[in-house]
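Trainee: Got a minute to go through this model with me? I'd like to start with how a pair of helices meets.

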Amino acid sequence: MPCKGSSSGLRRWLTFTTGLLECLCFAGAVFGWASLVIILRSEGYFSSLCVNNTAVRATGPNRTQDEHFSLVFTITSFASNFLSFPSGVLFDWVGTAIARLCAICIFTSGTLMVAFSTPALSVLLFPALSLMGVAGRMYLMTNLQVGNLFGARRSTVITVYTGAFGSSSLLFLIIKLLYEAGVPLQSSFLFLSACSVFLVFRTLFLLPLKRIPYPLPEHYTYGFRECLWSSFFFWHLLWLSVIQLRHYLFIGTLNPMLQRLSGEDQSVVSQYSNAFAVTQLCGVLCAPWNGLIMDRHQAKLKAAELRAVMLSLTLTSLFCVLFSVCAMIPVLPLQYFTFFLQVLNRAFYTGSDAAFIHIIFPSCHFGKVYGLIKGLSALLSLLQYPCFILVEDILNGDPLYVNIGLTVLVLVIFIHPVSVYIYCQRLALRQKQIKVNTVSC
């Protein structure tokens, strides 16, 4: 596919809309886990771990069953992030087409595993959801370059895609509603497997064999090794790791929390889990705000791309603090507002993450840097399972102290936008001195 200058408008917009549909329907589906858990529980997955299966179905899930569901999501979120680095290396090495075909095979394998899993084969959920998560990240990674086709609106397109990635968790709610209407779980996942035909068609006819190019800023000439040793890489890694841990722990423990706050009322749990899933759809509506903020400030301040991304990082950090504070207040109706803050923060942090890497590091290294940061951040996300065990087995189901600790940890991420601000001030001062010296000469 040629660059924007020679690419037809129709093809560019067709590429954009089909990419949006792909991210919205497949890329982040695994983060709708809270909806899928309800189906799996009613089907009796991991029920062999219960002492009395009949009693479990009548009175609700037992702790061992919940622990295994939490472990599935922990491993899935870890794998989808940790394996982003080899995925990014693969993307930079072999190009778009081959990387996407690999992703399609991985995603299809995952959906087929779920389709043919049974309560007796509950263990299949571990590789199945992990494969879907890894492939979903690759879908997002290969679609972010579409922003290169839209010039000054590049950041907006990137954040729209990352917002759609967050909203794709709605897919499992749709599957849940279909299940309640009588459509078997197997049929839904077989249909998802068949959708691979659409993904292959789009890969072959609407995306390049290698990459969609974008010109590099003149002052970003250092290689990959220097990227890793930069302070920006370290602070961005810490920033992303803490925010992801907060979100993953919230999603992974959402059902037990709703069980506790509702007094084990399954209808209330279903109502709130549906509300959470529907709220995720707002991600695709919230994410463009972040992109518009960055594009607008870049247009106004010209060379101040870093200031624009600093504003985005600051807003994202603020939303994360508000979300974390609301999440630790044990009031059930308040969780509606918590859901909104969660999806707003998620839309901003996924967009800020990709946009920051696009702006700071050379695009020829985007896949490797993006994947490595995701992979390293996955190590911290593994803490969600010990946190779950700590709450359920030691704190008797009361997550207050864990939530307070996470909220304090979230405050640390403000160091990242502050470091960007300091760098911006130094860069502006340096440019001013160069200008004065030039005039003097």
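**Helix packing and a few single residues**

Mentor: Sure. Gly136, Arg137, Leu140 and Asn143 in H7 meet Tyr161, Thr162 and Phe165 in H8. Contact here is heavy atoms within 4.5 Å, and the helices are DSSP runs (H or I, at least four residues; strands are E, at least two), numbered from the N terminus.

Trainee: What kind of model is this, and how are the residues numbered?

Mentor: It's a predicted model, where local features need pLDDT of at least 70 and side-chain atom pairs count only at pLDDT 80 or more, while totals for chains, interfaces and linings use all residues. Residues are numbered from 1 along each chain as its sequence is written, and side-chain values use heavy atoms, with hydrogens and water left out.

Trainee: Back to H7 and H8. At what angle do they pack?

Mentor: About 165 degrees, with the axes 10 Å apart. That makes H7 roughly antiparallel to H8. Angles under 35 degrees count as roughly parallel, over 145 as roughly antiparallel, 65 to 115 as roughly perpendicular and the rest as oblique. The axes are lines fitted to C-alpha atoms, for helices over the stretch in contact, and angles run from 0 to 180 degrees between N-to-C directions.

Trainee: And is the crossing of H7 and H8 left-handed or right-handed?

Mentor: Right-handed. The near helix is then turned clockwise from the far one by less than a right angle; anticlockwise would be left-handed.

Trainee: Is Gly136 buried or exposed?

Mentor: Gly136 is buried, with a relative accessible area of 0%. Buried means under 20%, exposed over 50%, and partly exposed in between (1.4 Å probe, protein chains only).

Trainee: What does Gly136 touch?

Mentor: Ala27 and Phe165, if you don't count residues up to four places away in sequence. The C-alpha atoms of Gly136 and Gly28 are separated by 5.7 Å, though those two are 108 residues apart along the chain.

Trainee: Zooming out, how many helices and strands are there in the protein chain?

Mentor: 22 helices and 0 strands. The chain has 441 residues, and 57% of them are buried. Of the contacts with a separation of 6 or more, 84% are between residues 24 or more positions apart.

Trainee: What about the accessible surface of the chain?

Mentor: It comes to about 17,800 Å², and 71% of that belongs to carbon and sulfur atoms. The areas come from the Shrake-Rupley method with a 1.4 Å probe; for residues, only the protein chains shown count as cover.

Trainee: Let's try another pair. How do H13 and H17 pack?

Mentor: H13 (residues 231–252) and H17 (residues 305–327) pack at about 30 degrees, with their axes 11 Å apart. That makes H13 roughly parallel to H17. Their crossing is left-handed.

Trainee: Which residues meet there?

Mentor: From H13 you have Trp239, Ile243, Arg246, His247 and Phe250. They meet Leu313, Thr316, Ser317, Cys320, Phe323, Ser324 and Ala327 in H17.

Trainee: And H17 against H18?

Mentor: There the angle is about 155 degrees and the axes are 8 Å apart, with H18 covering residues 335–360. That makes H17 roughly antiparallel to H18. The crossing of H17 and H18 is left-handed.

Trainee: New topic: H15. Why does its length agree with what a helix should span?

Mentor: H15 has 15 residues (266–280), so at 1.5 Å a residue it should span 21 Å, and its end C-alpha atoms are 21 Å apart. The expected span is 1.5 Å times one less than the number of residues. Its buried residues include Val269, Tyr272, Phe276 and Thr279.

Trainee: What's Thr279 in contact with?

Mentor: Phe339, Phe340 and Val343, leaving aside neighbours within four places in sequence. Thr279 has a relative accessible area of 14%.

Trainee: Where is Glu264?

Mentor: In the loop between H14 (254–261) and H15. Glu264 isn't a glycine, yet its phi is positive, about 65 degrees. It's partly exposed, at 41% relative accessible area.

Trainee: Last one, H5. What covers its buried residues?

Mentor: The cover includes H4 (63–82), H6, H7 and H19 (366–381). The buried residues of H5 (84–94) are Ser84, Ser87, Gly88, Phe91, Asp92 and Val94. Gly95 follows H5 and has a positive phi, near 95 degrees.
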